[in-house]
Structures are given as C-alpha cells and as structure tokens.
Amino acid sequence: MAPSKSKDRGVLPVRVSAVDELFDKKGVERGSTLLVSGGVGTGKSTFCMQSAYNSAVAGEKVIYISFEEPIEKMQRHMEENFGWKVSKMVEQKRMMFLQIDPLELSESVKKEFEKKDKEDMQFDIKLPFRPDRLVLDSITVLSAAFAGGTNIYRMYLSYLLRTLERANSVNLVISETGEERIDKGAARVEAFICDGELRLHEIRKKDVKQNALEIRKARWTGHSKKLVPYRITDKGFEIFRRAEVFV
Ligand SMILES: Nc1ncnc2c1ncn2[C@@H]1O[C@H](COP(=O)(O)OP(=O)(O)O)[C@@H](O)[C@H]1O
Ligand SMILES: [Mg+2]
C-alpha cells in the first residue's frame, strides 16, 4: 500500500497541555513521525504517555512500544505519579503496551540483512491492530543494540518508520540526547528521517534550572519558534505559553 501524499491525511492533536496551540494546524499530520528528543529525565516518556493516554480517553487506538522499561513498571508509575487510569484504557483495548527486547530485535534484523534474496527479508514489528497513535520509547536504546551495525540500524529505522507511517498513524519517537552519547551520527539520522522534532531542554544557569520545550521542525505546518517553559507536576506535563525562559 503506497502512501498518497496528495490525499488530505488530517491532523491529530497531540493532547498534551496546550502544545497543539504551538502548531498552526493544531496537531500532527497523520502518517507523520514526530521525534521527541531531550536529555535524561526531561519528561520524554511522560510527554508521550500523556499523549497516548489522552488519545485513548478521546477514543483513539494507541500502541506504546517500550524498548527499555518493563511495561508493568511504566504503567504503575503513570497511575501512581499522575493518576492516569492506564489499566482501564488497556482493559477497554484502546491502549496496548508492547515490550520488545532491543537485542533480540537487532539480532533478528541483522540476520534478515544477511539473506541473499532481499525479497525474503522479513522484519516488521507485528502490530495487533492499526493504531491512531504509536509511541516508540526509545530508539536510543534500539540504536545501542545495533552497536557495530550503524548502517543496518539506519536502514532498519528508516524502513520501520516508513512502514509505520503507511498505517496513517501519528508516531511519537523518543530519542535521548546527551553529551555522554557516543553515536552522534545515529542522532543525526534520527532527526533526518522524522517529519518533525520536539525538543525538551533543561536550561541551567548557576544553581537555577528550567525546562523548556521547542518545536525544531514540523514539515506539515507552520509552528511557534519560541522556547516555551514547561513543568511536570502531579497532573503531568504542563506548558506555560505566555511565560518567558528566565535563566
Ligand atoms: N508526580 C510528579 N510530580 C513532579 N514530577 C514528577 C512526578 N512524577 C514524575 N516526575 C518527574 O518526571 C521526570 C521525567 O520523567 P520521564 O518522563 O521518565 O523522563 P525521560 O523519559 O525524559 O527520561 C522525572 O525526573 C520525575 O522526577
Ligand atoms: Mg523515558
């Protein structure tokens, strides 16, 4: 099934605080991938889980794929920290969590790439249903599992995202940034193959620290260029559109 670029795909709201107001089209175009990037602990998983949960509450179908944290632990944190009734959404089959071992996945992908006949290559992640929204948490862990096979990782990631986009969902793909990161090339390729990028910053000045969100790219729409302060509270991720970054 080829994606038709001419068709009006429609836009899905992100449904996290007032983030949709930062996009001229008030959301993310279906069939697109939005990279959610930032340092450790900036709230990437919280942001994506909030988007996933609110979408399920609004009646969309959501799949959350975790390459790192066990899904039971993740679900429990979201219920305890923010009071989101995630398990209720799971029971109602609006939300589904899949845990995938990145090492197993990378091994099977490498094996597929060794096949002589490229027609025989088989490396789709089997999805139980067609989601409106899909989260990949995180591709940083996935790239680490491909250590020594950066080119295969790039080809696989690009193949995976294109396949997911054909399902016409909005894909939120988490990427962890940081100075400790060795594979800078992989970070660039992630940004390159995504339609948009939302960066979560932690800004420090002496002993003052502030978080701010920035839309770095959104191919489908015009968008705010501002650094927008945000906080994580017991209600989840909240942005302050009228506030300025003060540090
Ligand atoms: N109820 C809460 N109130 C305030 N902060 C919270 C609450 N629950 C979790 N956090 C904070 O949210 C931060 C972001 O966590 P997470 O989304 O897992 O980050 P990332 O995925 O970017 O590493 C954590 O540092 C944690 O301290
Ligand atoms: Mg996380």
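This passage describes the fold of a predicted model, the surroundings of its ligand and several local backbone features.

The chain contains 7 helices and 11 strands. Its radius of gyration is 18 Å, close to the 18 Å that the globule rule gives for 247 residues, so the chain is as compact as a globular protein of that length. The C-alpha trace spans about 55 × 40 × 40 Å along its principal axes. Buried residues make up 39% of the 247 residues of the chain. Among contacts with a separation of 6 or more, 69% involve residues 24 or more positions apart.

Nine of the strands belong to one sheet, which is open and has mixed pairing. The order of its strands is β5-β4-β6-β7-β3-β8-β9-β10-β11. The edges are formed by β5 and β11 (236-239), each of which has a single partner strand, so one side of each is left without a neighbour in the sheet. On average, neighbouring strands of this sheet are turned by 25° against each other, with direction ignored.

Both parallel and antiparallel pairs can be followed within the sheet. Strand β4 (residues 62-66) is paired with β6 in the parallel sense, over 5 bridges. In this pair, Y64 has V135 of β6 as its bridge partner. Helix α1 packs on the sheet and touches β3 (32-38), β4, β5, β6, β7 (170-176), β8 (196-205), β10 and β11. The direction of α1 makes about 160° with that of β6. Helix α2 (residues 71-82) also packs on the sheet, where it touches β4, β5 and β11. Between the directions of α2 and β5 the angle is about 135°.

Strand β8 has partners in β3 and β9. With β3 the pairing is parallel and covers 5 bridges, and L35 stands opposite E197 in β8. With strand β9 (residues 208-218) the pairing is antiparallel, and 10 bridges join the two strands. Here L200 has L213 of β9 as its bridge partner. The hairpin of β8 and β9 has 2 residues between the strands, and K206 in this hairpin takes a positive phi near 50°.

The shell around ligand 1 consists of G38, V40, G41, T42, G43, K44, S45, T46, N81, I232, T233 and D234. Two elements, α1 (44-57) and β10 (228-233), each give two or more residues to this shell. The contribution of α1 is the greatest, at 3 residues. By residue class, the shell comprises 2 nonpolar, 8 polar and 2 charged residues. Helix α1 thus appears both in the ligand shell and in the packing on the sheet, where β10 is among the strands that α1 touches.

Several backbone features were found in loops. Most residues other than glycine have a negative phi, and most peptide bonds are trans. The peptide bond from D137 to S138 is cis, with omega near -10°. S138 is located in the loop between β6 (133-137) and α5 (139-145).

Positive phi values occur at S17 and K93, neither of which is a glycine. For S17 the value is near 45°, and the residue lies in the loop between β1 (11-12) and β2 (28-29). S17 has 22 C-beta neighbours inside 10 Å and therefore counts as buried, the cut-off being 20 or more. For K93 phi is about 60°, and this residue lies in the loop between α3 (86-91) and β5 (95-99). K93 has 11 C-beta neighbours inside 10 Å and therefore counts as exposed, a class that requires 12 or fewer.

A further loop residue, K115, is placed between α4 (102-114) and β6. K115 counts as exposed because 11 C-beta neighbours lie inside 10 Å. Apart from its neighbours within four places in sequence, K115 is in contact with D120 and M121.

Technical notes. Residues numbered from 1 in each chain as written. Chains lettered and ligands numbered in written order. Predicted model: local features only at pLDDT ≥ 70, side-chain atom pairs only at ≥ 80, totals over all residues. Near = placed C-beta within 6 Å. Helix = DSSP H or I, 4+ residues; strand = E, 2+ residues; numbered from the N terminus. Nonpolar A, V, L, I, M, F, W, Y, C, P; charged D, E, K, R; others polar. Rg over C-alpha atoms; globule rule 2.2 N^0.38 Å. Contact = placed C-beta atoms within 7 Å. Pairing = 2+ DSSP bridges. Axes fitted to C-alpha atoms, helices over the stretch in contact; angles between N-to-C directions.
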